[in-house]
Amino acid sequence: CLSRGLGDVYKRQAPTLVDLIQGQPGIEIGRNGGPGTLSSIFMRGQASANVAVFIDGIPVQRDAGGGLKLVDIPPSQIEKVEILRGNMSAIYGESAVGGAIHIFTLAGAGKSGPTASVGYGSRNTSNLTAGYNLNGDDFKLGLSVQKFKTDGFSAMNPRESALVNPDKDAFERESVFINGEKRVSKDLAIGFQANSIDSKVDYDGTHGSSVLHNSKQKSSDLTVFSRINLSAEWASRIAMTQSKFKNREFRNISSTTGSFEGDQLGIQWGNTYKLGTGNANFGVDVTNAEFKTPTKYERDSLGYYVGYSGRFDRLDFQANLRRDEIKSKQSNTSKDNSANTWLIGGGYSLTESTKLIGLVSTSFRAPAVSDLFGVPSWGQNPNPDLKPSEHKGGEFGLQQRSSIGLLRAVYFKTETKNDFEWKNSQINNIARTENEGVELG
């Protein structure tokens with residue numbers, strides 16, 4: 001009762017992942033140009049670092065400052081996107097303060113045979129996709145390659161500054177996706193998903209009208225998983241994902257102005273157990289992340305959770321508990337942070353089409369490694385005494401279904417202890433902040 005999907009992603013004809021989610025209730029997008037440029041996601045007024053994004057259950061990598069390194073997945077490879085608004089740390093762990101976005105890639109193959117699509121539009125924009133699917137009784141295999149390219153437009157207005165390069169800022173992306181699944185028996189399936197994405201984007205700065213800026217990114221993910229039915233009531237899934245990310249910033253093609261490398265290993269064990277009129281869920285998430293700025297940092301996290309959701313007459317309800325333990329390291333220095341979070345939510349159907357909805361929950365965000373240890377190249381000083389931010393909030397609303405769609409109005413409020421702010425070249429804690437609003441969609 002707390003999850004909302006986007007519907008048919010293919011009908012939206014979005015060129016990028018950010019375009020796909022832009023315009024959804026409670027979400028604002030900040031970007032410094034056209035497709036492929038640096039983008040930030042804000043949910044319910046919370047900072048972009050307070051939004052958790054997952055791809056097939058594995059958290060998207062973050063940089064040393066806690067910023068999301070959004071992998072530019074082609075929308076053609078996205079099966080669905082679920083958006084959960086509000087404090088969701090009890091379900092999705094650390095940083096899920098404004099909410100969580102869960103992206104599901106295409107896990108199975110379609111009808112056997114080749115596929116292809118061609119698109120062309122303004123600004124010399126082209127989109128080429130080709131693939132092949134093999135769909136047997138107990139084995140599926142899918143391969144897809146894509147190339148997207150656009151001449152773009154000037155990311156900054158040259159009339160506002162003589163130091164802005166007036167040239168068009170282009171973007172291009174090449175990607176390869178492959179997935180397969182083998183059903184070993186009626187209760188056991190094993191599979192894999194892999195992708196490689198290369199992109200290049202031009203952008204503007206105020207270093208001179210003839211100065212060229214561009215960024216080159218390369219990312220790859222490899223996931224192996226198994227699904228097993230341990231009994232008629234108990235279904236379990238184990239997945240392991242290795243993610244790599246490289247970003248290079250260039251000025252006038254050859255001069256490197258910045259770099260970031262990330263290497264993340266994630267292991268997920270999730271379970272669903274039919275219990276009474278509902279389902280119990282429990283599991284463990286383990287993540288090890290290494291990144292360079294070029295200073296090397298490490299961040300290990302362990303989360304374990306339990307929850308229950310069900311229905312009783314006209315009442316849908318959900319309850320979740322979670323504990324997260326995070327260890328940040330730089331050289332021989334380390335810092336431990338941990339938190340317990342909880343969530344209680346429900347919906348009561350007044351009629352077949354009208355429902356009252358409510359949620360009370362907590363969440364937290366641990367300091368990023370740059371906040372704790374500093375990054376000299378960023379001009380940031382360390383603050384090893386930083387405390388995690390603690391958030392508690394709730395929402396109450398009404399939703400109405402009709403023949404033309406769903407109308408939903410929600411009031412929400414979150415109170416925060418030890419929030420973060422930049423002051424005197426370092427991150428410091430704020431004693432108390434408050435955030436409230438109304439959302440209509």
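Here are some worked exercises on a predicted model, each with a task and a stepwise solution.

**Exercise 1. The largest nonpolar core**

Task: Find which residues have the most contacts inside the largest nonpolar core, and which elements supply it.

Solution:
- Step 1. Start with the core itself: the largest one has 22 residues, and Ile41, Val81, Ile101 and Ile103 have the most contacts inside it.
- Step 2. Next, look at where its residues come from. At least two residues each are supplied by α1 (17-21), β2 (27-31), β3 (39-43), β4 (51-55), β6 (78-85) and β7 (99-105).
- Step 3. Among these elements, α1 gives the largest share, four residues.
- Step 4. Now zoom in on Ile101. Leaving aside residues up to four places away in sequence, Ile101 touches a set that includes Ile21, Ile27, Ile41, Val53, Phe54 and Val81.
- Step 5. Finally, note a second, separate core of 13 residues, with Phe260, Tyr297, Val369 and Leu372 among them.

**Exercise 2. The two faces of β3**

Task: Work out which side chains of β3 are buried, and in which sense β3 pairs with β2.

Solution:
- Step 1. Follow the side chains along the strand, where they alternate: Ser39, Ile41 and Met43 point to one face and are buried.
- Step 2. Ser40 and Phe42 point to the other face and are not buried.
- Step 3. Turn to the neighbouring strand: β2 and β3 pair in the antiparallel sense, over five bridges.
- Step 4. For a landmark in this pairing, take Ile27, which stands opposite Met43 in β3.

**Exercise 3. Aromatic pairs**

Task: Classify the ring pairs Phe54–Tyr92 and Trp269–Phe282 by their geometry.

Solution:
- Step 1. The model holds nine aromatic pairs.
- Step 2. For Phe54 and Tyr92, the centres are 4.9 Å apart and the planes make 40°, a tilted arrangement.
- Step 3. Place this pair in the chain: Phe54 is in strand β4 and Tyr92 in helix α2 (residues 89-92), 38 residues apart. Both Phe54 and Tyr92 are buried.
- Step 4. For Trp269 and Phe282, the centres are 6.2 Å apart and the planes stand at 85°, so this pair is edge-to-face. The cut-off needed here is over 60 degrees.
- Step 5. Trp269 belongs to strand β15 (residues 255-275) and Phe282 to strand β16 (residues 278-292), 13 residues apart.
- Step 6. Check the accessibility too: Trp269 has a relative accessible area of 33% and is partly exposed, and Phe282, at 26%, is also partly exposed.
- Step 7. Widen the view, and ring pairs link Trp234, Trp269, Tyr273 and Phe282 into a cluster.

**Exercise 4. Charges over rings**

Task: Identify the rings over which the charged ends of Lys80 and Lys216 sit.

Solution:
- Step 1. Lys80 has its charged end over the ring of Phe104, 4.9 Å from the ring centre.
- Step 2. Lys216 has its charged end over the ring of Phe250, 5.4 Å from the ring centre.

**Exercise 5. Salt bridges between strands**

Task: Trace the salt bridges of Glu174 and Lys413 to their partners, and say where each partner lies.

Solution:
- Step 1. A general reminder first: oppositely charged side chains can pair when their charged atoms come close.
- Step 2. The count in this model is 24 salt bridges.
- Step 3. Glu174 pairs with Lys147, with the closest N and O atoms 3.7 Å apart. Because Glu174 lies in strand β11 (residues 169-185) and Lys147 in strand β10 (residues 139-153), the pair ties together parts 27 residues apart in sequence.
- Step 4. Glu174 is partly exposed at 41% relative accessibility, and Lys147 is partly exposed at 35%.
- Step 5. Lys413 meets Glu434 at 3.9 Å, N to O. Lys413 is in strand β22 (residues 405-423) and Glu434 in strand β23 (residues 426-440), so parts 21 residues apart in sequence are tied together.
- Step 6. Glu434 also forms a salt bridge with Arg432, at 3.1 Å, N to O. Arg432 is exposed, with a relative accessible area of 51%.
- Step 7. One network, joined by salt bridges that share partners, contains Arg44, Arg85, Glu395, Arg408 and Glu439.

**Exercise 6. Positive phi at two arginines**

Task: Decide whether Arg44 is buried or exposed, and compare the setting of Arg123.

Solution:
- Step 1. Arg44 is not a glycine, yet its phi is positive, about 50°. Arg44 lies in the loop between β3 and β4.
- Step 2. With 8% relative accessibility, Arg44 counts as buried; the cut-off is under 20%.
- Step 3. Arg123 has a positive phi of about 60°, in the loop between β8 (113-121) and β9 (125-135). Arg123 is partly exposed, with a relative accessible area of 48%.

Terms used:
Residues numbered from 1 in each chain as written. Predicted model: local features only at pLDDT ≥ 70, side-chain atom pairs only at ≥ 80, totals over all residues. Heavy atoms only, no water. Core = buried A, V, L, I, M, F, W, Y, C linked by side-chain atoms within 4.5 Å. Buried < 20%, exposed > 50% of the residue type's maximum accessible area, 1.4 Å probe, protein only. Contact = heavy atoms within 4.5 Å. Pairing = 2+ DSSP bridges. Phe/Tyr/Trp six-rings, centres within 6.5 Å; stacked < 30°, edge-to-face > 60°. Lys NZ or Arg CZ within 6 Å of the ring centre and 35° of its normal. Salt bridge = Lys/Arg side-chain N within 4 Å of Asp/Glu carboxyl O.
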